[in-house]
Amino acid sequence: MRISQMFLKTTKSVPSDEQSNNARLLIRGGFICKEMAGAYTFLPLGLRVIENIKTVIREEMNAIGSSELLMTTLQPKEIWDITGRWDDQVVDVWFKSQLKNGQQVGFGWSHEEPMMMMISKYVQSYRDLPISVYQFQTKLRNELRAKSGIMRGREFLMKDMYAFSRTQKELDEFYEITKQAYLRVYERVGLGPYTYLTFASGGAFTQFSQEYQTITDSGEDVIYIDKDKKIAVNEEVYSEKVLTQLGLTKEKMTKVKAAEVGNIFNFGSIKGEQMGVYYSDEASQRQPIFLSSYGIGVSRLMGVIAEIFNDESGLMWPKQIAPAQVYLMAIKEGKDTKYTNEIYNILTEAGIEVIYDDRDIRPGEKFADADLIGLPWRVVVSSEKAAIDQYEIKERNEKKPLFVNKQGLVAKLSDRRN
RNA sequence: CGGGGAUUGGCGCAGUUGGCUAGCGCGCCGCGUUUGGGACGCGGAGGCCGGAGGUUCAAGUCCUCUAUCCCCGACCA
């Protein structure tokens with residue numbers, strides 16, 4: 001992509017109405033644009049990051065046999081009446097409206113109930129189970145207070161997966177498989193070292209729910225981590241009794257701030273019974289469907305990554321989710337353009353994602369934007385060096401560049417292990 | 001929802017005890033000189049000072065109401 005053709009604009013100054021680091025960096029770098037408190041547009045560059053995160057999640061969810069679908073944002077009141085969760089006293093984040101004919105509708109803040117109802121139309125027999133589906137959906141929640149940039153919005157992107165099982169045992173097996181898949185997701189997006197499986201309060205259904213927490217001061221939660229066991233306990237359930245129960249010792253726990261980047265729920269048969277969703281087993285007996293649900297806040301994940309991977313010059317995207325791999329620039333447009341175009345074509349043909357800064361501006365500005373946008377690699381072309389087949393390549397997190405020839409350039413950038 | 005702060009060209013800000021044509025920097029447009037870490041000179045364009053109502057000869061500035069944004073707290077299946 002040539003910047004001259006892209007819808008991309010960076011800024012030097014930081015917006016005064018944002019305090020959070022993720023919003024400041026993402027707005028300055030041209031990744032997001034604020035529409036109102038808690039609602040952000042994903043600009044072309046930001047959308048690429050979102051799509052890359054989705055790809056990682058999609059691959060891992062598909063790998064454990066889940067199927068992607070897409071539910072509606074509009075939800076009828078009646079479905080939520082079944083579980084009593086239409087009531088604003090029970091769920092205080094509803095956005096509600098009504099149709100012209102007066103029918104009440106809500107905008108999806110969750111899809112548990114609608115999903116359960118939808119599935120019930122298709123699943124009647126034990127032969128139809130187990131089944132798992134997921135979606136990437138925009139959730140709308142009327143939060144009292146939006147905060148922390150894209151980390152806690154009123155409109156945000158979420159991956160929610162639902163597994164329908166015949167028995168508790170079958171549910172538990174899938175639950176364990178998903179726990180591992182989630183860890184792979186965090187590993188792949190670069191958050192592995194900072195992310196902990198965390199025990200939190202379970203609500204009405206179970207003693208614990210499990211969530212994934214990423215260590216960052218910008219997070220809202222306080223958790224206690226055991227670094228060796230890679231397990232954490234949320235402050236809300238932290239006690240001697242719980243530690244013993246989990247086989248942890250107080251001496252080894254460290255208190256940190258963290259952001260919730262995923263949450264998994266084991267509902268057992270309760271939702272099935274509540275909503276009257278049953279299947280017939282081998283003996284022709286009616287049995288409730290067992291439900292578990294698994295969420296990852298996709299846009300929040302982007303915010304957390306921005307919070308963690310940056311320095312004083314800008315963002316530093318992990319390779320797997322960077323909007324492109326290479327920031328390519330000529331020192332001087334005109335004089336170096338011929339060589340830079342050539343490199344652009346070579347890299348593009350090699351399947352390497354390049355953002356080519358072909359603007360006729362001074363090199364200093366390009367360097368600054370390269371750092372701010374934070375692609376993993378920067379390639380600089382000058383005619384003097386290019387004439388002897390030498391090109392400058394630098395990793396975003398390195399200080400010193402390297403000089404390689406064309407071949408070396410392609411080899412280095414094609415190597416996925418890099 | 002309680003408390004605190006803010007709102008002035010696209011962005012960041014200044015504007016004295018009310019005073020006459022509302023400034024500065026960035027960005028933008030034009031011309032010229034520049035070109036390895038956000039260059040410089042000259043010349044431009046761009047503002048009902050968040051909104052409504054009041055006080056006054058006179059309101060960006062004072063009063064009342066209201067909207068929005070940020071932060072702390074509460075809340076967060």
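A residue is called buried here if 20 or more other C-beta atoms, placed from the backbone, lie within 10 Å of its own; with 12 or fewer it is exposed, and in between partly exposed. The model is predicted: local features need pLDDT of at least 70, side-chain atom pairs count only at pLDDT 80 or more, and totals for chains, interfaces and linings use all residues. Residues are numbered from 1 along each chain as its sequence is written, and chains are lettered from A in the order in which they are written.

Select helix α1, residues 21-28 (helices are DSSP runs of H or I of at least four residues, strands E runs of at least two, numbered from the N terminus). Seven of its eight residues are buried, so α1 is largely enclosed by the rest of the structure. The buried ones are Asn-21, Asn-22, Ala-23, Leu-25, Leu-26, Ile-27 and Arg-28. They pack against β1 (32-36), α2 (44-63), α8, β17 (310-311), β18 (314-315) and α10 (363-373). Just after α1, Gly-30 has a positive phi of about 80°.

Go next to Val-304, in helix α8 (residues 298-308). Its C-alpha is 9.7 Å from that of Asn-21, although 283 residues separate the two in sequence. Val-304 counts as buried because it has 29 C-beta neighbours inside 10 Å. Leaving out residues up to four places away in sequence, Val-304 touches Met-151, Leu-191, Thr-214, Thr-216, Ala-259 and Val-261 (contact means C-beta atoms, placed from the backbone, within 7 Å).

Finally, colour chain A by domain: domain 1 is 3-73 + 108-311 and domain 2 is 324-414, with bounds from an automatic or database domain assignment. Their C-alpha centres lie 37 Å apart. Five residues of domain 1 contact eight of domain 2.

Key: Two residues are in contact if their C-beta atoms, placed from the backbone, lie within 7 Å.
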